[in-house]
Amino acid sequence: MTIRVVIADDEALLRMAFRMVLDAQPDMEPVGEAADGAQAVRLSRELRPDVVLMDVRMPGTDGIEATRQVAAVSPDTRVLILTTFDLDAYAFAALGAGASGFLLKNTRPEELLTAIRAVAAGDAVLSPRITRRLLDDFRPHLADSRTGVRDERLDRLSAREREVLAEIGRGLSNAEIADALHLAEATVKSHLGRILLKLGLRDRIQAVVFAHDHRLVPPT
(Lines give C-alpha, C1' and ligand atoms only; values in the text may rest on other atoms or scores of the structure.)
Protein backbone atom coordinates (compact mmCIF):
# COMPACT_ATOMS: atom_id res chain seq x y z
CA MET A 1 0.00 0.00 0.00
CA THR A 2 1.22 3.49 -0.87
CA ILE A 3 0.51 6.16 1.73
CA ARG A 4 -0.66 9.32 -0.01
CA VAL A 5 0.35 12.47 1.86
CA VAL A 6 -0.58 16.16 1.62
CA ILE A 7 1.97 18.58 3.11
CA ALA A 8 0.47 21.74 4.62
CA ASP A 9 2.94 24.41 5.76
CA ASP A 10 3.29 28.08 4.93
CA GLU A 11 7.08 27.78 4.60
CA ALA A 12 8.07 26.63 1.11
CA LEU A 13 11.49 25.35 2.24
CA LEU A 14 9.92 23.11 4.87
CA ARG A 15 7.44 21.74 2.37
CA MET A 16 10.32 20.94 0.04
CA ALA A 17 12.26 19.23 2.84
CA PHE A 18 9.27 17.09 3.82
CA ARG A 19 8.64 16.21 0.18
CA MET A 20 12.26 15.06 -0.27
CA VAL A 21 11.98 12.79 2.77
CA LEU A 22 8.70 11.30 1.54
CA ASP A 23 9.89 10.90 -2.06
CA ALA A 24 12.72 8.67 -0.84
CA GLN A 25 10.26 6.14 0.63
CA PRO A 26 8.90 3.32 -1.54
CA ASP A 27 5.62 3.23 0.40
CA MET A 28 4.86 6.98 0.43
CA GLU A 29 3.75 9.49 -2.17
CA PRO A 30 3.43 13.25 -1.59
CA VAL A 31 0.33 14.10 -3.64
CA GLY A 32 -0.11 17.79 -2.84
CA GLU A 33 1.21 20.84 -1.03
CA ALA A 34 -0.74 23.56 0.74
CA ALA A 35 0.50 26.95 1.92
CA ASP A 36 -2.47 27.57 4.22
CA GLY A 37 -5.26 25.75 6.00
CA ALA A 38 -7.96 26.50 3.45
CA GLN A 39 -5.86 24.99 0.68
CA ALA A 40 -5.18 21.93 2.84
CA VAL A 41 -8.93 21.41 3.24
CA ARG A 42 -9.52 21.81 -0.49
CA LEU A 43 -6.78 19.31 -1.36
CA SER A 44 -8.12 16.85 1.20
CA ARG A 45 -11.56 17.05 -0.34
CA GLU A 46 -10.25 16.63 -3.89
CA LEU A 47 -7.42 14.12 -3.36
CA ARG A 48 -8.62 12.11 -0.34
CA PRO A 49 -5.06 11.57 0.98
CA ASP A 50 -4.31 9.05 3.69
CA VAL A 51 -2.43 11.59 5.82
CA VAL A 52 -2.12 15.37 6.02
CA LEU A 53 1.01 16.80 7.63
CA MET A 54 -0.52 19.95 9.11
CA ASP A 55 1.33 22.99 10.42
CA VAL A 56 -0.44 24.76 13.29
CA ARG A 57 0.22 28.40 12.50
CA MET A 58 -0.64 29.33 8.95
CA PRO A 59 -2.21 32.45 7.45
CA GLY A 60 -5.99 32.55 7.18
CA THR A 61 -7.37 29.21 8.30
CA ASP A 62 -4.97 27.86 10.92
CA GLY A 63 -4.04 24.22 11.39
CA ILE A 64 -6.55 23.60 14.18
CA GLU A 65 -9.57 24.80 12.18
CA ALA A 66 -8.22 23.12 9.05
CA THR A 67 -7.99 19.83 10.95
CA ARG A 68 -11.63 20.16 12.00
CA GLN A 69 -12.68 20.78 8.40
CA VAL A 70 -10.56 17.95 7.00
CA ALA A 71 -12.21 15.53 9.42
CA ALA A 72 -15.59 16.70 8.08
CA VAL A 73 -14.88 16.65 4.33
CA SER A 74 -12.58 13.59 4.23
CA PRO A 75 -13.30 11.35 7.24
CA ASP A 76 -10.78 8.68 6.24
CA THR A 77 -7.92 11.19 6.11
CA ARG A 78 -5.70 11.30 9.19
CA VAL A 79 -4.10 14.56 10.32
CA LEU A 80 -0.65 14.66 11.88
CA ILE A 81 0.06 18.04 13.46
CA LEU A 82 3.54 19.52 13.04
CA THR A 83 4.53 22.45 15.21
CA THR A 84 7.59 24.35 16.38
CA PHE A 85 5.73 25.36 19.51
CA ASP A 86 5.25 23.71 22.88
CA LEU A 87 3.01 20.68 22.53
CA ASP A 88 0.65 21.44 25.39
CA ALA A 89 -0.35 24.85 24.02
CA TYR A 90 -2.23 23.23 21.13
CA ALA A 91 -2.75 19.62 22.06
CA PHE A 92 -6.26 19.65 23.47
CA ALA A 93 -7.68 21.87 20.72
CA ALA A 94 -6.14 19.77 17.95
CA LEU A 95 -7.23 16.46 19.46
CA GLY A 96 -10.72 17.81 19.84
CA ALA A 97 -10.63 18.87 16.20
CA GLY A 98 -9.78 15.32 15.12
CA ALA A 99 -5.99 15.19 14.87
CA SER A 100 -4.43 11.75 15.23
CA GLY A 101 -1.15 12.94 16.71
CA PHE A 102 1.56 15.53 17.22
CA LEU A 103 5.15 15.94 16.21
CA LEU A 104 7.56 18.79 16.69
CA LYS A 105 9.20 20.03 13.51
CA ASN A 106 12.65 19.13 14.82
CA THR A 107 11.64 15.45 14.85
CA ARG A 108 14.18 13.19 13.13
CA PRO A 109 13.17 12.03 9.63
CA GLU A 110 12.94 8.38 10.69
CA GLU A 111 10.56 9.33 13.52
CA LEU A 112 8.43 11.35 11.10
CA LEU A 113 8.18 8.39 8.74
CA THR A 114 7.28 6.01 11.56
CA ALA A 115 4.59 8.44 12.71
CA ILE A 116 3.09 8.75 9.22
CA ARG A 117 2.91 4.98 8.87
CA ALA A 118 1.32 4.63 12.30
CA VAL A 119 -1.30 7.30 11.64
CA ALA A 120 -2.10 5.87 8.20
CA ALA A 121 -2.67 2.48 9.86
CA GLY A 122 -5.23 4.04 12.21
CA ASP A 123 -3.03 4.40 15.26
CA ALA A 124 -2.30 7.63 17.13
CA VAL A 125 1.06 9.30 17.57
CA LEU A 126 1.27 10.26 21.21
CA SER A 127 3.49 8.35 23.58
CA PRO A 128 1.90 7.11 26.82
CA ARG A 129 3.99 9.71 28.65
CA ILE A 130 2.54 12.52 26.53
CA THR A 131 -0.95 11.06 26.89
CA ARG A 132 -0.63 11.17 30.65
CA ARG A 133 0.66 14.76 30.51
CA LEU A 134 -2.35 15.74 28.44
CA LEU A 135 -4.73 14.07 30.85
CA ASP A 136 -3.12 15.84 33.80
CA ASP A 137 -3.23 19.22 32.07
CA PHE A 138 -6.70 18.93 30.60
CA ARG A 139 -8.55 16.75 33.10
CA PRO A 140 -10.77 19.73 34.11
CA HIS A 141 -11.83 20.16 30.48
CA LEU A 142 -12.63 16.47 30.19
CA ALA A 143 -14.62 16.55 33.42
CA ASP A 144 -16.60 19.58 32.28
CA SER A 145 -17.58 17.80 29.07
CA ARG A 146 -19.25 14.89 30.88
CA THR A 147 -23.00 15.01 30.35
CA GLY A 148 -24.04 12.27 32.75
CA VAL A 149 -26.12 10.69 29.95
CA ARG A 150 -25.38 7.00 29.40
CA ASP A 151 -23.99 6.23 25.96
CA GLU A 152 -25.64 3.13 24.48
CA ARG A 153 -22.43 2.33 22.61
CA LEU A 154 -20.99 1.08 25.89
CA ASP A 155 -23.38 -1.87 25.72
CA ARG A 156 -21.56 -3.05 22.59
CA LEU A 157 -18.39 -3.72 24.59
CA SER A 158 -17.60 -6.94 26.38
CA ALA A 159 -16.49 -6.80 30.00
CA ARG A 160 -12.87 -7.35 28.94
CA GLU A 161 -13.08 -4.61 26.30
CA ARG A 162 -14.36 -2.18 28.94
CA GLU A 163 -11.39 -3.10 31.13
CA VAL A 164 -8.99 -2.47 28.25
CA LEU A 165 -10.68 0.83 27.41
CA ALA A 166 -10.35 1.98 31.02
CA GLU A 167 -6.62 1.22 30.95
CA ILE A 168 -6.27 3.08 27.63
CA GLY A 169 -7.98 6.02 29.32
CA ARG A 170 -5.32 5.97 32.02
CA GLY A 171 -2.71 6.52 29.32
CA LEU A 172 -1.16 3.04 29.44
CA SER A 173 0.59 1.56 26.43
CA ASN A 174 -0.44 -1.81 24.99
CA ALA A 175 2.50 -3.47 26.76
CA GLU A 176 1.53 -1.90 30.09
CA ILE A 177 -2.11 -2.95 29.64
CA ALA A 178 -1.01 -6.48 28.82
CA ASP A 179 1.00 -6.61 32.03
CA ALA A 180 -1.79 -5.11 34.14
CA LEU A 181 -4.51 -7.44 32.81
CA HIS A 182 -2.28 -10.51 32.32
CA LEU A 183 -2.86 -10.63 28.57
CA ALA A 184 -0.65 -10.99 25.53
CA GLU A 185 0.22 -7.67 23.91
CA ALA A 186 -1.23 -8.91 20.61
CA THR A 187 -4.51 -9.62 22.42
CA VAL A 188 -4.61 -6.07 23.74
CA LYS A 189 -4.06 -4.75 20.23
CA SER A 190 -6.94 -6.88 18.98
CA HIS A 191 -9.18 -5.60 21.76
CA LEU A 192 -8.26 -2.02 20.87
CA GLY A 193 -9.22 -2.58 17.24
CA ARG A 194 -12.62 -3.97 18.22
CA ILE A 195 -13.18 -1.14 20.71
CA LEU A 196 -12.54 1.50 18.06
CA LEU A 197 -14.83 -0.28 15.61
CA LYS A 198 -17.69 -0.78 18.07
CA LEU A 199 -17.57 2.79 19.39
CA GLY A 200 -17.02 4.42 16.00
CA LEU A 201 -13.78 6.09 17.11
CA ARG A 202 -10.92 7.09 14.84
CA ASP A 203 -7.93 6.23 17.00
CA ARG A 204 -6.43 5.75 20.45
CA ILE A 205 -6.65 9.46 21.24
CA GLN A 206 -10.41 9.50 20.83
CA ALA A 207 -10.57 6.33 22.94
CA VAL A 208 -8.77 8.14 25.78
CA VAL A 209 -11.20 11.05 25.64
CA PHE A 210 -14.19 8.68 25.39
CA ALA A 211 -13.06 6.74 28.47
CA HIS A 212 -12.88 9.93 30.51
CA ASP A 213 -16.07 11.44 29.14
CA HIS A 214 -17.96 8.29 30.14
CA ARG A 215 -16.42 7.93 33.59
CA LEU A 216 -14.58 4.69 32.88
CA VAL A 217 -11.48 6.18 34.49
CA PRO A 218 -11.80 7.18 38.17
CA PRO A 219 -11.06 10.93 38.66
CA THR A 220 -7.81 11.76 40.46
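Five bridges connect strand S3 to strand S4, and the two run parallel. Strands (E, at least two residues) and helices (H or I, at least four) are DSSP runs numbered from the N terminus, and two strands pair if DSSP finds at least two bridges between them. The model is predicted: local features need pLDDT of at least 70, side-chain atom pairs count only at pLDDT 80 or more, and totals for chains, interfaces and linings use all residues. Residues are numbered from 1 along each chain as its sequence is written, and side-chain values use heavy atoms, with hydrogens and water left out.

On its other pairing, S3 (residues 51-55) is joined to S1 (residues 3-8) by four bridges, again in parallel. The residue partners of S3 include the following.

| Residue in S3 | Residue opposite | Strand pair |
|---|---|---|
| Val51 | Val5 | S3 and S1 |
| Leu53 | Ile7 | S3 and S1 |
| Met54 | Ile81 | S3 and S4 |

These strands belong to an open sheet of five, with the order S2-S1-S3-S4-S5 and parallel pairing. S2 (28-34) and S5 (101-104) are at the edges; each has a single partner strand, so one side of each lacks a neighbour in the sheet. On average, neighbouring strands are turned by 25° against each other, direction ignored.

Five of the five residues of S3 are buried, so the strand is largely enclosed by the rest of the structure. Buried means under 20% relative accessible area, exposed over 50%, and partly exposed in between (1.4 Å probe, protein chains only). Val51, Leu53 and Asp55 point one way from S3, while Val52 and Met54 point the other way.

Helix H3 (residues 63-73) lies across S3 and S4 (78-83), at about 160° to S3. Helix H5 (residues 109-120) packs on the sheet and touches S1, S2, S3, S4 and S5, its direction making about 155° with that of S4. Contact means heavy atoms within 4.5 Å; axes are lines fitted to C-alpha atoms, for helices over the stretch in contact, and angles run from 0 to 180 degrees between N-to-C directions.

Helix H1 (residues 12-23) contains Met20, which is exposed with a relative accessible area of 55%. Together with Leu13 and Met16, Met20 makes a nonpolar surface patch of about 360 Å². Patch residues have over 30% relative accessible area and no salt bridge, and nonpolar side chains are joined within 5 Å, like charges within 9 Å. A salt bridge is a side-chain nitrogen of Lys or Arg within 4 Å of a carboxyl oxygen of Asp or Glu. Accessible areas come from the Shrake-Rupley method.

Terms used:
Areas by Shrake-Rupley, 256 points an atom, 1.4 Å probe, with all protein chains shown as cover.
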